[in-house]
Amino acid sequence: MKGEALNDERHILLAVDDSDIARRAVSYVGDFLGGVPRFRITLLNVIPEPPADYFESDAERGAWVRQKRAEAEGFLERYGQILVQSGFEEDKVHTVVELCRTPSVAQCIMEAQKRLKCCTVVTGRRGISKQEEFIFGSTSKQVVHAGKNCAVWVVE
């Protein structure tokens, strides 16, 4: 490797929600990489936008988005503290809440990965049945298949 490449930071995108599986993924990354130099983390929460006819008014939609955003900021703050306590420097842990306007949360995650230039995407794997996976799809499975030019870690 060239000397310049040795100074590059590795950017990890940790796609999370407010679930036990997501907390395990955060803890795993903290245990695995906490205190290791040259790593930074972006905690991403994707809020899937309901269909346009879901709300009776724009005001109702806006209130719903604000509530979901506030909830996400709360658990992202807690997850950030887990990472800092694991050894990450506070200025190396960032949070992003995105409203996803596409039907696929996985697509939103991968768009964020490209935009933020993350070398790795980490997500939890929900314990859904094969029938639920067939009907609704699996976000982690879609991320694995969509992951190009990056590593994908799925934590169970």
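This report walks through the salt bridges and one charged surface patch of the structure above.

The structure is a predicted model, in which local features need pLDDT of at least 70 and side-chain atom pairs count only at pLDDT 80 or more, while totals for chains, interfaces and linings use all residues. Residues are numbered from 1 along each chain as its sequence is written, and side-chain values use heavy atoms, with hydrogens and water left out.

**Salt bridges**

Let us start with the charged pairs. A salt bridge here is a side-chain nitrogen of Lys or Arg within 4 Å of a carboxyl oxygen of Asp or Glu. How many salt bridges does this rule give? The count comes to nine. Three of these pairs are set out below.

| Pair | Closest N to O distance |
|---|---|
| D18 and R23 | 3.1 Å |
| E49 and R61 | 2.2 Å |
| E71 and K68 | 3.9 Å |

Where do E49 and R61 sit in the chain? Their bridge links distant parts of the chain: E49 belongs to the loop between β2 (39-48) and α3 (58-85), and R61 to helix α3, twelve residues apart. Helices (H or I, at least four residues) and strands (E, at least two) are DSSP runs, numbered from the N terminus.

The pair of E71 and K68 lies within helix α3, where the two residues are three apart and so separated by about one helical turn. Some bridges also share partners, and in this way D18, D20, R23 and R78 are joined into one network.

**How open are these residues?**

A residue is called buried under 20% relative accessible area, exposed over 50%, and partly exposed in between (1.4 Å probe, protein chains only). In the first pair, D18 is partly exposed at 45%, and R23 is partly exposed at 30%. E49 has a relative accessible area of 25%, which is partly exposed, and its partner R61 is partly exposed at 26%. Within helix α3, E71 counts as partly exposed at 38%, and K68 counts as partly exposed at 29%.

**A negative patch**

Which residues form a negative surface patch? They are E77, E89, E90 and D91. Such a patch is made of residues with over 30% relative accessible area and no salt bridge, with like charges joined within 9 Å (nonpolar side chains, namely Val, Leu, Ile, Met, Phe, Trp and Tyr, are joined within 5 Å). Among the patch members, E77 lies in helix α3 and is partly exposed, with a relative accessible area of 49%.

Terms used: Areas by Shrake-Rupley, 256 points an atom, 1.4 Å probe, with all protein chains shown as cover. Lys, Arg positive; Asp, Glu negative; His and termini not counted. Charge placed at Lys NZ, Arg CZ, Asp CG, Glu CD.
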